[in-house]
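Work through two exercises on the model shown below. Each has a task, then a stepwise solution.

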Amino acid sequence: LVLAALLLGALALAGCGSSATPAAATLTMTATNFTTHAVTVRAGDQVAFVDPSKGGGAHDLYFGNHGLFIANRNGPGDFNNKAGVRFNPGDTRTYTFSKAGVYEVTCATQPLMNVVITVR
């Protein structure tokens, strides 16, 4: 009986993770930068932005470079405004990049914090 319960529990757990689509790329932040400065993904892929609880910092990310906002209407809408997307230590958000192109993301408060996402 105990063995049957363990098997059923294992099957239930296996089913929980199988429906989620993993991110094609993960962009991890430090207090002042990204740990990777360029990634390439396919159109329709998801990109995870991770601000770790240890070593991260407060960031306002948007499309542009060197702290300057530059609109990119083909990318996820959250990055397409001067207010940006606020990340605090411990935050993780995943965005889908649907259209091919080059997407530059920068931080309003850390202008040297830049990453280029190439979508093919």
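**Exercise 1. Find which residues of the largest nonpolar core touch the most other members, and which strands supply the core.**

Step 1. Fix the terms. A nonpolar core is a set of buried Ala, Val, Leu, Ile, Met, Phe, Trp, Tyr and Cys residues joined through side-chain atoms within 4.5 Å. Buried means under 20% relative accessible area (1.4 Å probe, protein chains only).

The model is predicted: local features need pLDDT of at least 70, side-chain atom pairs need pLDDT 80 or more, and totals for chains, interfaces and linings use all residues. Numbering starts from 1 along each chain as its sequence is written, and side-chain values use heavy atoms, without hydrogens or water.

Step 2. Rank the members. The largest core holds 22 residues; F34, F49, L61, F97, V105 and I117 touch the most other members.

Step 3. Assign strands (DSSP E runs of at least two residues, numbered from the N terminus). At least two core residues come from each of β1 (25–28), β2 (38–41), β3 (45–50), β4 (59–65), β6 (85–87), β7 (92–97), β8 (101–107) and β9 (114–119).

Step 4. Inspect I117. Beyond neighbours within four places in sequence, its contacts (heavy atoms within 4.5 Å) include L27, V39, F49, F97 and V105.

**Exercise 2. Work out the strand order of the open sheet of 3 strands.**

Step 1. Pair the strands (at least two DSSP bridges between them). β1 and β3 are parallel, over 4 bridges. β3 and β7 run antiparallel, joined by 6 bridges.

Step 2. Check the register. L27 stands opposite F49 in β3. V50 has T92 in β7 as its bridge partner.

Step 3. Read off the order: β1-β3-β7, with mixed pairing. The edge strands, β1 and β7, each pair on one side only.

Terms used: Buried < 20%, exposed > 50% of the residue type's maximum accessible area, 1.4 Å probe, protein only.
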